Amino acid sequence: MKKYYGFTIAEVLITLGVIGIVAAMTIPILYSNISSAQYRSKFKKAVSTLNQAGLMAQSQYEFNYAGTTTKCSANRETAATEHPDVTMSFCAILNGTLSSAAYYGPLTNLKRYTRDNQVVQYKLETRETIPSNYESYLTYALTDGTIVAFHPDAVHCELPLGSRITQDFIEGSGGGLNLSTCVGFVDVNGVTLPNREVNCSNGENRLGSTDPCVVKNNSGHMTDVFPIVFHDATVEPASAAAAYVLDTSKL
């Protein structure tokens, strides 16, 4: 008689159980790393796009974020059609340089659908350095779905030559230069959750702090919302966490 060899049911079940445990441990980490890489890449792309808009406005229309003299119109339709040949505003810069960007007006106009098809107004689930009046910010959506939000009173966003951005300038609490109306944020995930501001795993989330910020690639810290500040023809991170992410992003 031939003798056949094989695995017993117990051995198969034990093997499947081990595979299941390993998968349960590694899949969330892999997913977190993939999300983190996407957030980093889209943040870097958004900053590059806004910098190009500032440089293009300077080249074609002879003014940039520092040269803006007019706030965006309170009328959504009017603001969406402002042009840098006529109006020197943030909306005019973005309208004149980002042909595929869509203007949505105040942040409160943004909505998302829940799993049970309920319509929910956009809001930040967590914030750390972004001001409490962020809901009044004006918003654009880029072609990849990234939301760009900026202060409705943004004009004359100029940083003196040789100066560096500090948290005091951004908050307007330093007694000198006040860039508090030049701040904003980008949500690289659009209206989709988590809608949480990136924050430090270690260190202090303030630009120029002596306790350097580090952001680890996990869902608690490496998230989808990044504070920014506009000045001259430039857009920079407006928090130590956002600066860390941009500085450590690969080319």
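Buried here means under 20% relative accessible area. The model on screen is predicted.

Begin with Tyr137 and Phe185, which are both buried in that sense. Show the two rings: their centres are 6.2 Å apart and their planes meet at 35°, so the pair is tilted. Now colour by secondary structure. Tyr137 sits in the loop between strands E3 (119-121) and E4, while Phe185 belongs to strand E6 (residues 183-187). With these positions 48 residues apart, the pair links distant parts of the chain.

Next, widen the selection to aromatic rings in general. A search of the whole structure gives 10 aromatic pairs. One of them is Tyr103 with Tyr140, again tilted, at 4.9 Å centre to centre and 50° between the planes. Tyr103 lies in strand E1 (residues 102-106) and Tyr140 in strand E4 (residues 138-141); they are 37 residues apart, and this pair too links distant parts of the chain. Both tyrosines are buried.

Keep Tyr103 and Tyr140 selected and add Tyr65, Phe90, Phe150 and Phe230: together these six residues form one aromatic cluster.

From the cluster, use Phe90 to step to Ala154, since Phe90 is among the residues that Ala154 touches. Where is Ala154 found? It is in the loop between strand E5 (147-150) and helix H4 (167-171). Its relative accessible area is 4%, so Ala154 is buried. Leaving aside residues up to four places away in sequence, Ala154 touches Thr68, Thr70 and Thr181 as well as Phe90.

To finish, draw a C-alpha to C-alpha distance from Ala154 to Leu138: the viewer should give 9.9 Å, for two residues 16 apart in sequence.

Methods:
Residues numbered from 1 in each chain as written. Predicted model: local features only at pLDDT ≥ 70, side-chain atom pairs only at ≥ 80, totals over all residues. Heavy atoms only, no water. Phe/Tyr/Trp six-rings, centres within 6.5 Å; stacked < 30°, edge-to-face > 60°. Helix = DSSP H or I, 4+ residues; strand = E, 2+ residues; numbered from the N terminus. Buried < 20%, exposed > 50% of the residue type's maximum accessible area, 1.4 Å probe, protein only. Contact = heavy atoms within 4.5 Å.
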